[in-house]
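Me: I would like to learn how to read the strands, helices and buried positions of a protein model. Could you take me through one, feature by feature?

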Amino acid sequence: MNKLCINECIPYVQKYDWGRGKDGLVYTVMKNIVKDNYEIIKKEINSLDYLKEYIENDDDHHKENTTLKKNENYAELWIGNHAKSPNLVVYNNTLIKIKDFLKIYEEKKNKRNTILKKIFRKIQNTKKKYLKVNYITKLEDTNNFKENNDKKKDSNIEYSLSNKYSLKKDDAGNDQKENGNLFPYLFKILSISKPLSIQIHPNEEQSLYLNSINPLVYKDKIFKTEMCVCINSMSLLCGFMNIFKIAFLIRNIYELNEFFLNIEKNKNVDKKNSKYVEGNEELNDIRDKKKEHLEQENKNNKSLNNEKENDIFFLFELFNPEKNNYIEEILTMLSRIYIYIIKYSLKMNSGLNYDIVSIVDDYAENIQKYIFEENFFYSFYKNENFLEEEFNLSNLIKEGKERLQKNLKKKKDANFKEFDISGKNEKTETESEEHESILTKLNIFDITKKKEEEEENKIDKNDKNKTYINVNEHKSNNFDKIEEDENECYFSRRKKIKAFYEHMYKFFINKILQEDSNILNNCINSIIEKNEVYASFVNNVETLKKKIDKLYLNICLKKNYEVLCEEIERIIIHSIFEVLKNVSKYYMNDGGRIFIFILQLINLNDGDVVYIKPGVIHSYISGHCLECMTNSDLVIRGGLTNKEIDKLNFIKYVNYKNNYPVILEKEFINYNIVSYSYHSMKHFKILLITINPGEKINHLFSEKCFTSCIIMSTNKKVKITGKKNDKKKIIINNVRNGMVLLIAPNIKVSISNFYSNIDDGNKEFVMYCATS
């Protein structure tokens with residue numbers, strides 16, 4: 001690999017506590033890469049100490065490897081040009097740093113550009129020479145030609161000096177330019193043995209602000225957003241649960257109910273306020289005055305509070321203990337809706353292979369998205385007989401979805417029509433004014449009286465027609481106004497209820513992060529030690545699956561709905577307790593475990609892709625994945641970590657409006673290439689290439705930046721060639737599993753699979769690529 005076309009890369013491994021050991025994908029890939037490039041690595045092994053532990057059957061370094069086995073948590077394999085990942089590139093049978101590799105590429109690119117500029121200037125000058133122009137113009141052309149040659153010499157000298165000067169400059173500024181142009185992303189492999197920290201990533205403006213205020217903690221100026229590709233299987237916490245499920249868990253788990261409603265604290269506060277300090281009369285007088293002042297304020301605000309309490313969607317004060325009764329009633333209302341969804345899903349759905357929990361959650365999420373009728377919510381508010389209500393939830397969701405689509409279309413069409421109508425009216429008014437001015441200038445007095453009478457009759461008829469048209473226009477305008485009023489009412493209700501949802505999420509996050517970590521630990525530990533439902537879950541984990549199978553059969557028979565509802569409620573709570581049990585193995589005294597009751601659990605299968613926006617709360621739980629992100633490592637942590645937790649910035653930068661992941665769908669470029677990308681993300685995308693035996697592809701990955709590739713499956717008969725301007729630059733015959741390649745811009749790559757026997761290896765060629 002002597003050319004800057006397709007070069008093999010040796011990535012860098014990051015070790016964190018949550019990483020896997022030697023059974024993980026990160027270690028196996030890195031070990032194969034070092035093994036395949038051992039002859040080149042051996043020459044410079046003294047300067048590459050971090051690669052020694054991946055070398056096998058080497059007597060010289062066997063003793064050193066035994067001392068390097070302290071930290072065997074191989075967490076992340078980084079591919080890219082980041083300050084924390086010193087990647088190496090195979091070039092001219094040697095290893096060079098990726099920074100030097102990119103400098104060589106830019107120098108060669110600049111030389112080509114200067115040569116092309118010289119050729120272009122020569123062509124222009126020769127054209128000027130042989131033009132048939134006057135002798136004076138010829139003299140001017142020759143003078144210009146001399147001046148241009150002098151300028152060329154000066155410019156070439158300046159260019160060479162600027163290159164030398166740029167190499168002497170600090171590497172930081174140049175590296176940022178290179179990262180932005182040639183490597184605007186980071187490509188990673190993750191091997192996860194235990195949960196990562198609860199974290200969010202700020203957006204562009206927020207990341208610049210954090211870097212300016214605290215550059216030691218937030219070192220990167222570039223914002224971070226990421227895309228995750230599942231390998232085999234993976235589970236993660238990402239985004240908020242639906243609001244109904246959170247309320248259901250809080251109201252049905254006693255310890256969470258006490259925590260969020262401050263039941264014990266309020267009792268303690270009342271006791272403390274009732275006690276007087278002996279010997280301090282001044283303090284007691286001050287307290288009495290404060291109490292009188294607060295009582296007067298409460299009396300004055302009673303009328304306003306009563307009006308607000310009649311509206312269940314008003315935005316309450318986040319930490320006012322006097323509002324606990326209202327919050328409790330709101331949580332009971334939301335949990336009742338979730339219980340009603342369970343009952344409805346049991347009646348309406350049936351099937352042997354029926355996942356009741358996912359169906360219930362789907363109904364709840366759709367109700368939160370599409371139903372904005374206040375009467376629906378009031379029917380569950382302070383109504384103990386809510387199960388007697390007869391709502392067809394599927395029809396309500398369908399009607400709500402259709403109504404939302406219609407209202408959005410009407411809103412867009414109304415704005416478009418107003419713009420068009422105003423333009424047309426202006427044209428008609430100007431045209432009529434021109435006609436009137438022309439008629440006044442002309443002296444039309446020779447017209448007979450008959451013509452005048454005929455014109456008057458025509459005008460009368462037109463006036464009658466105009467009056468009829470005006471009546472119809474008046475009716476249509478009234479109808480349009482009614483529709484506009486209905487649309488405005490709909491959107492105002494929608495904004496009101498969505499703002500209420502956001503406010504509830506703010507309440508949960510503020511309550512968690514503004515409490516002391518010891519209180520959070522006591523809350524979670526009391527669930528594990530004292531909660532009866534958790535104890536039943538721990539004792540009956542093995543029989544849980546059998547109960548689910550019996551439950552499916554009972555659903556098909558449609559019998560005993562009340563018993564089934566209770567069992568499903570337990571299963572939903574048990575599914576959350578299962579995550580709590582697994583996380584508590586690694587974080588026994590971490591208050592961040594409480595996020596398990598707020599964030600939704602997502603189980604991914606092989607090839608599933610999730611895009612995580614800035615401000616979305618997430619934590620990878622277990623499994624293997626590929627991750628592509630902007631060239632940044634900027635993280636705000638909120639729990640499940642030994643590192644610093646930035647509570648204030650976490651509360652500030654959470655996306656409360658749209659805190660959910662985006663499951664990306666496949667976009668087929670052709671039969672062999674699948675693309676995963678988000679519509680508003682231009683910094684990176686992921687490509688999946690699969691080639692069956694006897695097939696061949698030709699593809700240009702990028703015209704501006706390098707493409708990083710990881711080969712997941714291959715055989716001995718796969719052949720990769722790289723072309724530029726229809727000229728072959730490189731041929732790779734020895735393609736191996738776990739091979740990491742860097743493809744330069746403007747390189748057409750052709751990959752062919754000549755598989756014939758089992759001895760060749762795997763049938764399919766599979767490769768993941770990150771590009772921009």
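Reply: Let us begin with a term that the sheets require: two strands pair if DSSP finds at least two bridges between them. With that in hand, Ile697 can be placed opposite Ile751 in S22, and the strands concerned, S17 and S22, are joined by five bridges and run antiparallel. Please keep in mind throughout that this is a predicted model.

Me: Before we go further into the sheets, how many helices and strands are there in the protein chain?

Reply: The protein chain has 22 helices and 23 strands. Of its 772 residues, 43% count as buried, and among contacts with a separation of 6 or more, 80% are accounted for by residues 24 or more positions apart.

Me: In what order do the strands stand in the open sheet of four strands?

Reply: The general idea is that strands of a sheet pair through backbone hydrogen bonds, either parallel or antiparallel. In this structure the four strands follow the order S17-S22-S19-S20, with antiparallel pairing. The edges are formed by strand S17 (696-700) and strand S20 (727-732), each of which pairs on one side only. Neighbouring strands of this sheet are turned against each other by 20° on average, direction ignored.

Me: Which strands are the edge strands of the open sheet with nine strands?

Reply: That sheet has the order S5-S4-S1-S21-S18-S23-S16-S15-S14, again with antiparallel pairing. Its edge strands are strand S5 (94-97) and strand S14 (667-668), and each of them pairs on one side only.

Me: How should I read S18 and its pairing with S21 and with S23, and how many of the residues of S18 are buried?

Reply: Take one partner at a time, and look for the residues that stand opposite each other. Strand S18 (residues 707-715) pairs with S21 in the antiparallel sense over four bridges; Thr707 stands opposite Ile743 in S21, while Ile710 has Val740 of S21 as its bridge partner. S18 is also joined by six bridges to strand S23 (residues 761-771), and these two run antiparallel, with Cys769 in S23 as the bridge partner of Cys709. As to burial, S18 is mostly covered, since eight of its nine residues are buried.

Me: Now a single position in a loop: is Ile747 buried or exposed?

Reply: For this step you need the cut-off, which is that buried means under 20% relative accessible area. Ile747 has a relative accessible area of 2% and is therefore buried, although this residue lies in the loop between strand S21 (740-743) and strand S22 (748-753). Not counting residues up to four places away in sequence, Ile747 touches Cys5, His699, Leu700, Phe701, Gly722, Lys723 and Lys724. One of these, Phe701, is 46 residues away along the chain, and the C-alpha atoms of Ile747 and Phe701 are separated by 7.5 Å.

Me: What would the corresponding reading be for Gly19, and what is its relative accessible area?

Reply: Gly19 is found in strand S2 (residues 12-20), and its relative accessible area of 4% is why Gly19 counts as buried. Leaving aside neighbours within four places in sequence, Gly19 is in contact with Asn73, Tyr74, Ala75, Ser191 and Ser193. The C-alpha atoms of Gly19 and Ser622 are separated by 9.7 Å, with these positions 603 residues apart along the chain.

Me: Turning to helices, which residues of H7 are buried, and why can they be said to line one face of the helix?

Reply: In helix H7 (residues 204-213), the buried residues are Gln206, Ser207, Leu210 and Asn211. Seen down the axis of H7, these buried residues fall within an arc of 130°, so they line one face of the helix. What covers them includes strand S12 (636-639) and helix H22 (647-653), whereas Glu205, Ser212 and Ile213, on the other side of H7, are exposed. At the start of H7, a side-chain oxygen of Asn203 reaches to within 3.5 Å of the backbone nitrogen of Glu205.

Me: Finally, at roughly what angle do the axes of helix H8 and helix H14 cross?

Reply: In general, two packed helices are described by the angle between their axes and the distance between the axes. Here the axes of helix H8 (residues 243-252) and helix H14 (residues 356-370) come within 8 Å and cross at roughly 120°, which makes H8 oblique to H14. The contact is made by Ile243, Phe244 and Lys245 of H8 and by Asp361, Ala364, Ile367 and Gln368 of H14.

Note on methods: Residues numbered from 1 in each chain as written. Predicted model: local features only at pLDDT ≥ 70, side-chain atom pairs only at ≥ 80, totals over all residues. Heavy atoms only, no water. Buried < 20%, exposed > 50% of the residue type's maximum accessible area, 1.4 Å probe, protein only. Contact = heavy atoms within 4.5 Å. Arc of directions from axis to C-beta. Polar contact = N/O pair within 3.5 Å; in protein donor to acceptor, adjacent residues only side chain to side chain. Axes fitted to C-alpha atoms, helices over the stretch in contact; angles between N-to-C directions. Parallel < 35°, antiparallel > 145°, perpendicular 65-115°, else oblique.
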